[in-house]
Amino acid sequence: MSKTAKPKLKIGDSVVKKKPWGTTLPMSKRYGIVEDVMLKDNRSGRTHKYYTVKWTSGQRSLHGSNVLIRIDPLPPSSPV
């Protein structure tokens, strides 16, 4: 019997996107709020959690939990 891991993030959590490995370019942080949690199976049949995030720019995107870091609270300068 396999156990399902407890979600790292919940709907409504404030998050920031991690900086890509190996980049030396200065990058502004992307702040957002988790809107939805989705389960997806990979090729080997393992289930992973993906999160829909609404960014401060108004865009929405889907990311795995390895790309997002929970922060609390959202910076006051962000309009989300």
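These are my notebook entries on the strands, the core and one histidine of this structure.

**Entry 1, ground rules.** I am working with a predicted model, in which local features need pLDDT of at least 70 and side-chain atom pairs count only at pLDDT 80 or more, while totals for chains, interfaces and linings use all residues. Residues are numbered from 1 along each chain as its sequence is written, and side-chain values use heavy atoms, with hydrogens and water left out.

**Entry 2, the sheet.** I looked up the strands (DSSP runs of E, at least two residues, numbered from the N terminus) and found that 5 of them form an open antiparallel sheet in the order 4-3-2-1-5. At its edges I noted strand 4 (60–64) and strand 5 (68–71), each of which pairs on one side only; strands pair if DSSP finds at least two bridges between them. Direction ignored, neighbouring strands are turned by 45° against each other on average, with axes taken as lines fitted to C-alpha atoms.

**Entry 3, strand by strand.** I then went through the pairings. Strand 1 (residues 14–17) and strand 2 (residues 31–41) run antiparallel and are joined by 3 bridges, and Val16 stands opposite Tyr31 in strand 2. Between strand 2 and strand 3 I found 9 bridges, again antiparallel, with Gly32 having Trp55 in strand 3 as its bridge partner. These two strands form a hairpin with 5 residues between them, and in the turn Gly45 has a positive phi of about 90°. Strand 3 is also joined to strand 4 by 5 bridges in an antiparallel pairing, where Tyr50 has Gly64 as its bridge partner.

**Entry 4, the core.** Next I looked up the largest nonpolar core (buried Ala, Val, Leu, Ile, Met, Phe, Trp, Tyr and Cys residues joined through side-chain atoms within 4.5 Å), and its 7 residues are Leu9, Val15, Val34, Tyr51, Val53, Trp55 and Leu68. Strand 3 (residues 47–55) gives the largest share of this core, 3 residues. For Leu68 I listed the contacts (heavy atoms within 4.5 Å) beyond four places in sequence, and among them are Leu9, Val15, Tyr51, Val53, Trp55 and His63.

**Entry 5, His63.** Is His63 in strand 4 buried or exposed? I count His63 as buried because its relative accessibility is 12%, where buried means under 20% and exposed over 50%, with partly exposed in between, for a 1.4 Å probe and protein chains only. Its side chain makes a polar contact (N or O atoms within 3.5 Å, one able to donate a hydrogen and the other to accept it) with the side chain of Ser61 at 2.8 Å. Leaving out residues up to four places away in sequence, His63 touches Lys17, Tyr50, Tyr51, Trp55 and Leu68.

Conventions. Helix = DSSP H or I, 4+ residues; strand = E, 2+ residues; numbered from the N terminus. Axes fitted to C-alpha atoms, helices over the stretch in contact; angles between N-to-C directions.
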